[in-house]
Amino acid sequence: MKESADPPPIRPVPQQIGGFVHYPGWLDAPEQAALRDDLRGVVAAAPLFAPVTPSGKAMSVRMTSAGRFGWVSDRRGYRYSETHPNGRPWPAIPARVLDIWQAVAGTDRSPDCCLINFYDDRAKMGLHQDRDEADFTQPVVSISLGDDALFRIGATTRGGPTQSLWLRSGDVLVMGGAARLRFHGIDRIARGTSLLLPNGGRLNLTLRVVT
Ligand code: MD3
Ligand code: FE
């Protein structure tokens with residue numbers, strides 16, 4: 001017998017937080033599972049790698065990308081690259097991911113980079129700005145899957161006041177306007193808060209227009 005179709009998702013009311021737009025639970029459980037399965041295909045084609053900072057330290061987050069450009073870091077520096085460290089082009093951004101961008105980004109342009117960050121329960125990302133893209137009027141869209149993460153948002157200058165927000169599986173966050181250049185980072189992951197990823201941890205997708 002055919003399984004019954006998933007009911008249509010109920011989309012959350014967006015929450016404005018410091019110029020960011022947060023959609024808690026934008027993706028329902030079946031959508032999260034479908035996205036996780038799409039990402040298994042991406043990671044099979046472009047394996048997660050542990051980036052090294054220009055100073056030679058290993059980052060605790062593992063990464064890969066989809067789309068024309070991926071983000072890489074090694075002793076030569078941080079940059080966008082059209083190839084994985086293994087020399088091959090990145091796989092395409094899954095259609096389901098592009099649909100989310102279409103629904104929330106509010107721009108006619110399409111993302112040309114989908115960075116995939118994987119956090120185990122010890123991984124974190126220090127406060128930084130995203131400023132390697134050519135056009136800061138284009139928003140960045142983040143999609144969270146798996147364990148909860150404590151996200152910290154600062155000012156547009158280092159050392160300003162910060163505020164914190166938990167990002168949960170299925171949440172979507174849109175950074176546009178002046179918020180596009182705010183410092184941000186991940187302080188910690190709350191182990192065991194989601195069953196989406198069988199071995200735990202968190203996947204974050206960030207969609208960007210690079211050129
Ligand atoms: C605010 N990733 O990959 S997503 C990154 O959860 C990054 O993996 C974090 O910061 C993560 O660069 C945070 C939320 C996010 C992403 C991009 C932003 C916030 C942002 C760009 C500008 C301002
Ligand atoms: Fe960032």
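Trainee: What share of the contacts in the protein with a separation of 6 or more comes from residues 24 or more positions apart?
Mentor: Those residues account for 71% of them. Keep in mind that this is a predicted model.

Trainee: Good to know. How many helices and strands are there in the protein?
Mentor: The protein has two helices and 13 strands. Its radius of gyration is 16 Å, close to the 17 Å from the globule rule for 211 residues, so the protein is as compact as a globular protein of that length.

Trainee: And what box do the C-alpha atoms fill?
Mentor: Roughly 55 × 40 × 35 Å, taken along the principal axes. As for burial, 49% of the 211 residues count as buried.

Trainee: Let's go to the metal. Which residues are the protein donors of the iron ion (ligand 2)?
Mentor: H128 and H184 each donate through NE2, and D130 through OD. These donors lie 2.0 to 2.2 Å from the iron ion. Along the chain they follow the spacing H-x1-D-x53-H.

Trainee: Where do D130 and H184 sit?
Mentor: D130 is in the loop between strand 7 (125-128) and strand 8 (140-146), while H184 is in strand 12 (residues 184-190). The two are 54 residues apart, and the pair links distant parts of the chain.

Trainee: Are D130 and H184 buried or exposed?
Mentor: Both D130 and H184 are buried.

Trainee: Changing topic: at what angle do the axes of helix 1 and helix 2 cross?
Mentor: Helix 1 (residues 29-45) and helix 2 (residues 95-104) have axes that cross at roughly 125 degrees and come within 9 Å. The two helices are therefore oblique to each other.

Trainee: Which residues make that contact?
Mentor: From helix 1 there are E31, A34, L35 and D38, and from helix 2 there are R96, V97 and I100. By class, the contact has four nonpolar residues, three charged ones and no polar ones.

Trainee: Now some single residues. Where is the place of L173?
Mentor: L173 is in strand 11 (residues 172-175). With a relative accessible area of 2%, L173 is buried, because buried means under 20%.

Trainee: What is L173 in contact with, leaving aside its neighbours within four places in sequence?
Mentor: The list is F20, V21, H22, V140, V141, S142, F151, L165 and L167. Take V21 from that list: L173 and V21 are 152 residues apart in sequence, yet their C-alpha atoms are 5.7 Å apart in space.

Trainee: What about A179, is that buried or exposed?
Mentor: A179 counts as buried, at 4% relative accessibility. You'll find A179 in the loop between strand 11 and strand 12.

Trainee: Which residues does A179 contact, leaving aside its neighbours within four places in sequence?
Mentor: G18, G19 and F20. W71 is another residue to look at: A179 and W71 are 108 residues apart in sequence, with 21 Å from C-alpha to C-alpha.

Trainee: And R158, where does that lie?
Mentor: R158 lies in the loop between strand 9 (148-153) and strand 10 (163-167). At 60% relative accessibility, R158 counts as exposed.

Trainee: What does R158 touch, not counting residues up to four places away in sequence?
Mentor: R158 touches L127 and F183. You could also pick out R79, which is 79 residues from R158 in sequence and 21 Å from R158 in space, C-alpha to C-alpha.

Trainee: One more. Where is L196 found?
Mentor: L196 is in the loop between strand 12 and strand 13 (202-208). L196 counts as buried, at 10% relative accessibility.

Trainee: Which residues does L196 touch, not counting those up to four places away in sequence?
Mentor: L196 touches Q32, A33, R36, L145, G146 and S169. Q32, A33 and R36 fall within helix 1, which covers residues 29-45, and L145 and G146 fall within strand 8 (140-146).

Trainee: How far apart are the C-alpha atoms of L196 and G177?
Mentor: L196 and G177 are 19 residues apart along the chain, and their C-alpha atoms are separated by 32 Å.

Technical notes:
Residues numbered from 1 in each chain as written. Chains lettered and ligands numbered in written order. Predicted model: local features only at pLDDT ≥ 70, side-chain atom pairs only at ≥ 80, totals over all residues. Heavy atoms only, no water. Donors = N, O, S within 2.8 Å, 3.2 Å for Na, K, Ca; no water. Helix = DSSP H or I, 4+ residues; strand = E, 2+ residues; numbered from the N terminus. Buried < 20%, exposed > 50% of the residue type's maximum accessible area, 1.4 Å probe, protein only. Axes fitted to C-alpha atoms, helices over the stretch in contact; angles between N-to-C directions. Parallel < 35°, antiparallel > 145°, perpendicular 65-115°, else oblique. Contact = heavy atoms within 4.5 Å. Nonpolar A, V, L, I, M, F, W, Y, C, P; charged D, E, K, R; others polar. Rg over C-alpha atoms; globule rule 2.2 N^0.38 Å.
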